[in-house]
Amino acid sequence: MAEVLCSRLVFGTVALGLPYGLPPVGASAPVLVDAATAQAALRSAWAAGITTFDTAPAYGVAEERVGAALGADGEVWTKLPPQVRDVEAALASIAQSCARLQRPRLALVQWHNWTRALGEDASFRAVWSALADDPRVAGLGASTYGPDDALAAVESGIFRVVQVEWNVLNQRVVTAITAAARAQGVRVAVRSVYLQGLLVTPVVPPRYAGLAPSIARFQHLAQSWSLSPAALALRAALDHPGIDYVLVGLDRPVQLEAALAACARPVLTDAQRDELIALDRGDDPLTDPRTWAKPA
């Protein structure tokens, strides 16, 4: 069972390519991990049974680091840069990604921050048609924000995988798209299961104080169920019936250990899942990192 769950984990590489998430203790800003640490994290994940890795040209040096560490091992999901709007640029981006990743074919190419309006744009349609016919591209996907664009992506019929935000404090997108995704045969991938580290931090920074009661309740549940907060955050996603893939950032050994521990745990009971569903804060903007003010 643990091996099956590990195969549903997707290693998110944004933190391997640029400073991302909460700052380390004593630091005022996120810090980029060094190349050796990044390579060790990727190889350890592959050895542990994680076979899919999510990256993007927009993630700094992430593609280069994935390519250097994995070569042809595993499956890689990447994205087009946000500025790409024509076929020539899209094909050039695919060539560059293949070169950086050191592989001839990409398991999935996603449109970063896809929207309903974009789906009606003729230039987007031309790009997507070209990629659908490109032998270097095995499948197409979309990364979206919010329930409206996620549902439009699912219903469009042009994506194999739709990637959305989800964690125990922000469950509304998956709730909105589950039925349609199953009907369309679209796989749902979720990111931000740790809410950029807030769900697992022992001390909530003052600027996120509005989330502190919900985080405290979540961490109390984890303790009462003999789970670490990280293991429970991940297990909640793995046991959700509407989620096929769970993206997790694993730039440090302790994060990989937590992910593997979560895979090895028993399935959450219906009563436990009900407790977690009750933590959902609906459309509270505090659960969307895009709304967070940058630290001074």
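Two strands count as paired here if DSSP finds at least two bridges between them. Helices (H or I, at least four residues) and strands (E, at least two) are DSSP runs, numbered from the N terminus. What you have open is a predicted model, where local features need pLDDT of at least 70, side-chain atom pairs count only at pLDDT 80 or more, and totals for chains, interfaces and linings use all residues. Residues are numbered from 1 along each chain as its sequence is written, and side-chain values use heavy atoms, with hydrogens and water left out.

**Stop 1: the barrel**

Show the strands as a cartoon. There are 8 of them, closing into a barrel in the order β1-β2-β3-β4-β5-β6-β7-β8, and the pairing is parallel. On average, neighbouring strands of this sheet are turned by 30° against each other, direction ignored. Axes are lines fitted to C-alpha atoms, for helices over the stretch in contact, and angles run from 0 to 180 degrees between N-to-C directions.

**Stop 2: β5 and its neighbours**

Now select residues 140–143, which make up strand β5. Leu140 and Ala142 point one way from the strand, Gly141 and Ser143 point the other way, and all are buried. Buried means under 20% relative accessible area, exposed means over 50%, and partly exposed is in between (1.4 Å probe, protein chains only).

Add β4, residues 108–111: 3 bridges join this strand to β5, and the two run parallel. Look for Gln110, which stands opposite Gly141. Next add β6, residues 161–165, which pairs with β5 in the parallel sense, again over 3 bridges. Gly141 has Val161 as its bridge partner in β6, while Ser143 stands opposite Gln163.

How do you get from β5 to β6? Pick helix α8, residues 147–156: β5, α8 and β6 make a right-handed β-α-β unit. Right-handed means that, with the strands pointing away from the viewer, the path from the first strand over the helix to the second runs clockwise.

**Stop 3: where α4 meets α5**

Select α4 (residues 62–70) and α5 (residues 87–101). Their axes come within 7 Å and cross at roughly 45°. The two helices are therefore oblique to each other; angles under 35 degrees count as roughly parallel, over 145 as roughly antiparallel, 65 to 115 as roughly perpendicular and the rest as oblique.

Which residues in α4 meet α5? Show Glu63, Glu64, Val66 and Gly67 in α4, which meet Ser97, Arg100 and Leu101 in α5. Contact means heavy atoms within 4.5 Å. By class, this contact has 2 nonpolar, 2 polar and 3 charged residues. Ala, Val, Leu, Ile, Met, Phe, Trp, Tyr, Cys and Pro count as nonpolar, Asp, Glu, Lys and Arg as charged, and the others, Gly among them, as polar.

**Stop 4: Gly60**

Step back to Gly60, in the loop between β2 (52–54) and α4. Gly60 counts as partly exposed because its relative accessibility is 38%. Leaving out residues up to four places away in sequence, Gly60 touches Gly17 and Leu18. Try a distance to Ser224: C-alpha to C-alpha, Gly60 and Ser224 are 40 Å apart in space, and 164 residues apart in sequence.

**Stop 5: two positive phi values**

Most residues other than glycine have a negative phi. Leu195, in the loop between β7 (187–191) and α10 (212–224), has a positive phi near 50°. Is Leu195 buried or exposed? Leu195 counts as buried, because its relative accessibility is 0%.

Finish at Ser226, whose phi is also positive, near 60°. Ser226 sits in the loop between α10 and α11 (229–238), and counts as exposed because its relative accessibility is 57%.
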